[in-house]
Amino acid sequence: MLTIFDWYNGPYPARVRIAVQELNLLDQVRFVSVDLWKGEHKKPEFLAKNYSGTLPVLQIEDGTYIAECTAITMYLDSLGPTPLLTGVTPRDKGVIHMMNKRVEIEFLDAISVYFHHATPGLGPDVEHYQNREWGLRMRDKALRGAHYFNEVLKAQPYVAGDTFSMADIALIGGFVFANIVKLEIPAELTALHTWHARMLERRSVQNWETISNPVS
Ligand SMILES: N[C@@H](CCC(=O)N[C@@H](CS(=O)(=O)O)C(=O)NCC(=O)O)C(=O)O
């Protein structure tokens, strides 16, 4: 049995929850809630699982902890007979990983910095340092990123090319975070919005918040 330590409605946990469903691994996974609103993810017990103090973290059968959404997705995708989310050919692996990381740098992680620095974030007990200007700069960076991905999706159906991949899941996570912080994605970015509407038709994207029966 695989254990995923996460919080049921977080944007980054969403990425792994969507991947688990896309890979039909839900019956092999149990979820353990870590209440980041209470700062549980910054306590020594959890930091021993993940030095970076972030969610999600996967624990595999031999006890190894794997943090980082991309790494967790790579592990899960490698369990099956052929990769479904991280690329089969060397070229596809390279392009998918590039676009996945680009989503993080140019959109998702930028929104996260805005959340933690230019909004109340997780509250004063968790946010020990905030820099509002930096947060606002990252918000503007994310909006530039939205324009970039709109151009990408004018030319191809998915973020990394012709097939659904880990990079699409990362961008879905970005939309989840944008919704949480009420960051409006400009309506004129029609290719991006059309892509998102298509993503919302996937069952894995419709119910990622409700798949966990947390073992707290
Ligand atoms: N690079 C990490 C980032 C993970 C991350 O920031 N997770 C959030 C969880 S959530 O905000 O998406 O719910 C977190 O732990 N935030 C807590 C904090 O930053 O204090 C990854 O890809 O897993």
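Let us begin with Ser212, which is buried in this predicted model. Its relative accessible area is 10%, and because buried means under 20%, Ser212 falls within that class. Where is Ser212 placed? Ser212 belongs to the segment after α8, the helix of residues 203-206. Please also consider Val32, which stands 180 residues from Ser212 along the chain. In space, the C-alpha atoms of Ser212 and Val32 are separated by 8.4 Å.

From that segment I turn to helix α8 itself, where we find Ser204. Ser204 counts as buried, at 5% relative accessibility. What does the side chain of Ser204 contact? It makes a polar contact with the side chain of Glu22, at 2.5 Å. Glu22 in turn brings us to helix α1, which covers residues 11-22.

Helix α1 leads directly to the ligand. Four residues of the shell around the ligand come from α1, and this helix gives the most. The ligand has 14 residues around it, and those that come nearest are Tyr12, His41, Leu55, Glu68 and Cys69. How is this shell composed by class? It has seven nonpolar, four polar and three charged residues.

I shall now describe individual polar pairs. A polar backbone atom of Pro11 is 3.3 Å from an oxygen atom of the ligand. For Tyr12, a backbone N or O atom lies 2.9 Å from an oxygen atom of the ligand. Glu68 takes part through its side chain: one of its polar atoms there lies 2.7 Å from a nitrogen atom of the ligand. How much of the ligand does the protein bury? The ligand taken alone exposes 550 Å², and the protein buries 88% of that. The space that the ligand takes is the largest pocket.

Two of the residues that come nearest to the ligand, Leu55 and Glu68, deserve a second look for their backbone geometry. Here a general point is helpful. Most residues other than glycine have a negative phi, and most peptide bonds are trans.

Leu55 is joined to Pro56 by a cis peptide bond, with omega of about 5°. Pro56 lies in the loop between α2 (44-47) and β3 (57-59).

Glu68 has a phi near 80°, a positive value in a residue other than glycine. Its position is the loop between β4 (65-67) and α3 (69-77). Is Glu68 buried, partly exposed or exposed? Its relative accessible area is 47%, so Glu68 is partly exposed.

Lys182 also has a positive phi, near 55°, and is a residue other than glycine. Lys182 is located in the loop between α6 (166-180) and α7 (190-199). With a relative accessible area of 73%, Lys182 is exposed, because exposed means over 50%.

Finally, let us look at helix α6, in which Met166 is found. Is Met166 buried or exposed? The relative accessible area of Met166 is 2%, so this residue is buried. How far apart in space are Met166 and Gln28? Their C-alpha atoms are 20 Å apart, while in sequence the two residues are 138 residues apart.

To close, I return to the ligand: the protein buries 88% of the 550 Å² that it exposes when taken alone, and Glu68, with its positive phi, is among the residues that come nearest to it.

How values were computed. Residues are numbered from 1 along each chain as its sequence is written. This is a predicted model: local features need pLDDT of at least 70, side-chain atom pairs count only at pLDDT 80 or more; totals for chains, interfaces and linings use all residues. Side-chain values use heavy atoms; hydrogens and water are left out. A residue is near a molecule or strand if one of its heavy atoms lies within 4 Å of it. A polar contact is a pair of N or O atoms within 3.5 Å; within protein, one must be able to donate a hydrogen and the other to accept it, and residues adjacent in sequence count only if both atoms are side-chain atoms. Accessible areas come from the Shrake-Rupley method with a 1.4 Å probe; for residues, only the protein chains shown count as cover. On a 1 Å grid over the protein atoms alone, a cavity is a set of points where a 1.4 Å probe fits but cannot get out, and a pocket is an open set with protein on both sides within 12 Å along at least five of seven lines; lining residues have an atom within 4 Å of a point. A molecule sits in a cavity or pocket if more than half of its atoms lie within 2 Å of its grid points. Helices (H or I, at least four residues) and strands (E, at least two) are DSSP runs, numbered from the N terminus. Ala, Val, Leu, Ile, Met, Phe, Trp, Tyr, Cys and Pro count as nonpolar, Asp, Glu, Lys and Arg as charged, and the others, Gly among them, as polar. Buried means under 20% relative accessible area, exposed over 50%, partly exposed in between (1.4 Å probe, protein chains only).
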